Amino acid sequence: MAGQQVPPRQRMLPLITIFILMIETWGLAALISAEVESGTLRALLTTPLTIPGLFASKGFTGVFMAFTQVVLLLLITGGLRTEPVLVLTTLLLGAFLVTGVSFLIASVAGDMMSVMAWGMLALIVLAIPAFNLLLPGLTTDWIKVLPSYYLVDIVYRVLNFGAGWSQASSGLLTLLAFGLAFFVLGAYTLRRKLG
């Protein structure tokens, strides 16, 4: 890294990105959990709305909210100057990932306090790769089992080292696979909770 030191502000950007995405996870998980508790979701299912339609609308809303907030952050900080389409694709996949995580949290949480507890656990685990950027050498290769590693890695390398599609393609595919797995698992467990 001699001659290529990254300023602390640029190392903090992926960490702040993860935090913004995870805050949306808390919001969506709290909303779904409250709707399950109050019986709103079951009442919605007595209408022509189907369970796949319900999950598609909740998923779209979660992805849209998380994505727009994190894009706003990068617009303000100038993070979209380098490879904007690649960064936006990565952020969209990250928003999809955290929406799946929020479905999982809502399916295991019984009330608002448990949403906060599970959300805090998810936030800490998913933020580890971003903390590794602040304190290099904190972790080893085991960090690659965390789905947020690929989000943080791609955003960091694109913003600070000009990485392109060829360097990010395997990370994007892995991020997509994690996002699909969490979304399907979260929707399945939430469907079982709804009965």
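**Notebook: helices, core and salt bridges**

**Entry 1. Serine 114**
I opened with serine 114, which has a relative accessibility of 17% and therefore counts as buried. The cut-off for buried is under 20% relative accessible area. A note to self before going on: this is a predicted model. Serine 114 sits in helix α5. I then looked up its distance to serine 38: the C-alpha atoms are 16 Å apart, and the two residues are separated by 76 residues in sequence.

**Entry 2. The nonpolar core**
Next I asked which residues of the largest nonpolar core touch the most other members. They are Ile32 and Leu91, in a core of 61 residues. I also wanted to know which helices supply at least two residues each to this core. The list I wrote down is α1, α3, α4, α5 (112-134), α6 and α7. Helix α4 gives the largest share, 12 residues.

I followed isoleucine 32 a little further. Isoleucine 32 belongs to helix α1, and its relative accessibility of 1% makes it buried. Along the sequence, isoleucine 32 and alanine 187 are 155 residues apart, while their C-alpha atoms are 11 Å apart in space.

**Entry 3. Leucine 97**
Since α4 gives the core its largest share, I picked a residue from that helix. Leucine 97 lies in α4. Is leucine 97 buried or exposed? It is buried, at 2% relative accessibility. Its C-alpha atom is 8.5 Å from that of serine 148, although their positions lie 51 residues apart in the chain numbering.

**Entry 4. α4 against α7**
I turned to how the helices pack. Helix α4 covers residues 84-108 and helix α7 covers residues 165-194. Their axes come within 7 Å and cross at roughly 25°. An angle under 35 degrees counts as roughly parallel, so α4 is roughly parallel to α7. The crossing of α4 past α7 is left-handed. What kinds of residues make up this contact? I noted 21 nonpolar, 9 polar and 1 charged.

**Entry 5. α4 against α6**
I kept α4 and changed its partner to α6. Here the axes come within 10 Å, and the crossing angle is roughly 160°. Angles over 145 degrees count as roughly antiparallel, which is why I logged α4 and α6 as roughly antiparallel to each other. α4 passes α6 in a left-handed crossing.

**Entry 6. α3 against α7**
The next pair was α3 and α7. Their axes are 11 Å apart, and the helices pack at an angle of about 130°. That angle makes α3 and α7 oblique to each other. The crossing of α3 past α7 is right-handed.

**Entry 7. Salt bridges**
How many salt bridges does a search of the whole structure find? The search gives 2. As a reminder to myself, side chains of opposite charge can pair when their charged atoms come close.

One is between glutamate 35 and lysine 58, with the closest N and O atoms 2.6 Å apart. This pair links distant parts of the chain, with glutamate 35 in helix α1 (residues 8-38) and lysine 58 in helix α3 (residues 51-77), 23 residues apart. I checked how accessible each partner is. Glutamate 35 has 16% relative accessibility, so I put it down as buried. Lysine 58, with a relative accessible area of 14%, is buried.

Another salt bridge joins the side chains of arginine 157 and aspartate 153, at 3.1 Å from N to O. Both are in helix α6 (residues 148-161) and are 4 residues apart, which means about one helical turn separates them. Arginine 157 has a relative accessible area of 25%, so I logged it as partly exposed.

**Entry 8. Glutamate 83**
My last lookup was a backbone angle. Most residues other than glycine have a negative phi. Glutamate 83 has a positive phi, near 45°. Where is glutamate 83 placed? It is in the loop between α3 and α4. Its relative accessibility is 31%, so glutamate 83 counts as partly exposed.

Conventions:
Residues numbered from 1 in each chain as written. Predicted model: local features only at pLDDT ≥ 70, side-chain atom pairs only at ≥ 80, totals over all residues. Heavy atoms only, no water. Axes fitted to C-alpha atoms, helices over the stretch in contact; angles between N-to-C directions. Parallel < 35°, antiparallel > 145°, perpendicular 65-115°, else oblique. Left-handed = near helix turned anticlockwise from the far one by under 90°. Nonpolar A, V, L, I, M, F, W, Y, C, P; charged D, E, K, R; others polar. Salt bridge = Lys/Arg side-chain N within 4 Å of Asp/Glu carboxyl O. Buried < 20%, exposed > 50% of the residue type's maximum accessible area, 1.4 Å probe, protein only. Core = buried A, V, L, I, M, F, W, Y, C linked by side-chain atoms within 4.5 Å.
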